[in-house]
Amino acid sequence: MLTDAQKATVAEVVDRWLRTGASVRRCDRGAAEAAVVAAYTAAGQPAPAFIVWMDSPYGGALAARAVRGRLTPDRLQALLAARPGTAEVAGIAARAVAAITAQLPPGWGDPDATIDPWADPDAVRSLVSDAYYGTAPQRETLWHPLGRRLESALLAALGGDRLSYDMWDDMDVELPAADYWEALQALLTELRGEAFLGPIWQLADRLSTHLSAPAPGDVTGLRVGDVIGTSPDPEGVVRWHEFGGYLDPRATASVIAAFECAARTVPLPGFPELDALLAAMDQVGRWWPLAGAAVLTDRPLRADGRHAEYADGYRT
């Protein structure tokens with residue numbers, strides 16, 4: 001399905017993402033901020049009114065929660081006090097709150113902002129339903145709208161109404177875009193493999209331990225479902241609602257790289273916003289492009305196939 005020249009292009013893209021995702025070099029923060037602002041501008045979004053830098057994804061998640069939820073430092077402290085896992089990283093949590101406080105605009109936040117994600121069961125059930133049916137409003141400002149446009153352009157260029165087969169498809173039906181996507185995915189396995197994603201899975205487990213709000217007993221009644229299956233775990237949905245919406249040079253690499261390969265091998269019409277986003281991804285660790293603000297984190301000081309250590313002392 002792909003020519004030798006196209007396969008060489010994919011191999012070049014994969015190699016760059018592998019190097020970017022494994023990098024432990026310190027970020028050039030000025031260059032990173034300029035690249036992030038350029039990504040907002042290319043996407044037709046106002047530049048962030050302020051940028052918060054944190055030393056680890058733990059601190060970044062807290063900063064994103066404070067920004068998205070308009071939490072005052074006191075409310076952020078109260079949020080952490082209600083999370084048992086904070087005791088394991090108490091010093092790191094205190095330093096993170098201090099760093100966030102120093103970077104938020106004066107007078108930031110709502111003193112009555114909600115900090116308990118389980119306070120409204122109907123709202124949680126709605127979140128779970130939205131996650132199940134794919135109807136949740138996207139909270140990540142840059143990639144999700146761009147990804148939708150890239151998918152539409154790829155379908156228009158190759159023909160077909162979807163990028164992958166599903167259980168109801170007749171495999172004999174001609175779906176050129178699905179054929180291309182299947183062949184492309186086979187060349188991107190390194191970006192989905194244990195060697196590359198192992199540290200991210202380890203980080204996810206640690207962040208879940210240290211950030212999650214204890215669920216109020218049995219929450220299975222908050223699931224939704226129909227003939228095609230049962231909805232995701234409500235606890236995971238709540239955690240993503242609080243701290244998700246990030247881009248990461250490992251965790252989101254396979255998705256963004258796939259469309260980068262498509263843009264270069266099909267080729268698709270010009271997407272300068274993709275070029276700008278790729279430039280930003282090369283300059284920073286995990287980051288949260290939010291409406292009106294951005295939260296950026298530096299790369300780890302040290303990392304191997306499973307573990308990482310960050311400048312604020314956070315470890316996986």
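Q: How do the residues lining the second largest pocket of this predicted model divide into nonpolar, polar and charged?
A: The lining holds seven nonpolar, three polar and six charged residues. Arg and Asp count as charged and Pro as nonpolar, so among the residues nearest the centre, R65 and D116 fall in the charged class and P117 in the nonpolar one.

Q: Which elements give two or more residues to the lining of the second largest pocket?
A: They are α3 (57-68), α6 and α10. The largest share, three residues, comes from α6. The pocket is lined by 16 residues and holds about 280 Å³ of space.

Q: What makes up the lining of the largest pocket?
A: It has 31 residues, with R139, W240, G244, G245 and Y246 nearest the centre. They divide into 17 nonpolar, nine polar and five charged. Gly counts as polar, so G244 and G245 belong to the polar class. Helices α6 (121-133), α9 (194-211) and α10 (234-243) each supply at least two residues of this lining. The space in this pocket is about 910 Å³.

Q: Why is the pair of W143 and F259 called tilted?
A: A pair of aromatic rings is described by the distance of the centres and the angle of the planes. The centres of W143 and F259 are 5.9 Å apart, and pairing requires centres within 6.5 Å, so the two rings pair. Their planes stand at 55°. Stacked needs under 30 degrees and edge-to-face over 60, so the pair is tilted.

Q: What parts of the chain does this pair link?
A: It links distant parts: W143 lies in helix α7 (residues 143-158) and F259 in helix α11 (residues 253-265), 116 residues apart. W143 and F259 also form one aromatic cluster with W181. The whole structure has seven aromatic pairs.

Q: How do you know whether W143 and F259 are buried or exposed?
A: The cut-off for buried is under 20% relative accessible area. W143 has 8% and F259 has 7%, so both residues are buried.

Q: Why do β1 and β4 stand at the edges of the sheet?
A: The three strands form an open sheet in the order β1-β5-β4, with mixed pairing. β1 (50-54) and β4 (287-290) each have a single partner strand, so one side of each is left without a neighbour in the sheet. Neighbouring strands are turned by 10° against each other on average, direction ignored.

Q: How do you know that β1 and β5 pair?
A: Pairing needs at least two bridges. β1 and β5 (residues 293-297) have five, in the parallel sense, so the condition is met. In one of these bridges, F50 has A293 of β5 as its partner.

How values were computed. Residues are numbered from 1 along each chain as its sequence is written. This is a predicted model: local features need pLDDT of at least 70, side-chain atom pairs count only at pLDDT 80 or more; totals for chains, interfaces and linings use all residues. Side-chain values use heavy atoms; hydrogens and water are left out. Helices (H or I, at least four residues) and strands (E, at least two) are DSSP runs, numbered from the N terminus. Axes are lines fitted to C-alpha atoms, for helices over the stretch in contact, and angles run from 0 to 180 degrees between N-to-C directions. On a 1 Å grid over the protein atoms alone, a cavity is a set of points where a 1.4 Å probe fits but cannot get out, and a pocket is an open set with protein on both sides within 12 Å along at least five of seven lines; lining residues have an atom within 4 Å of a point. Grid points are joined across faces, edges and corners, and a volume is the space filled by probe spheres set on the points. Rings of Phe, Tyr and Trp (its six-membered ring) pair if their centres lie within 6.5 Å; planes under 30 degrees apart count as stacked, over 60 as edge-to-face and the rest as tilted. Buried means under 20% relative accessible area, exposed over 50%, partly exposed in between (1.4 Å probe, protein chains only).
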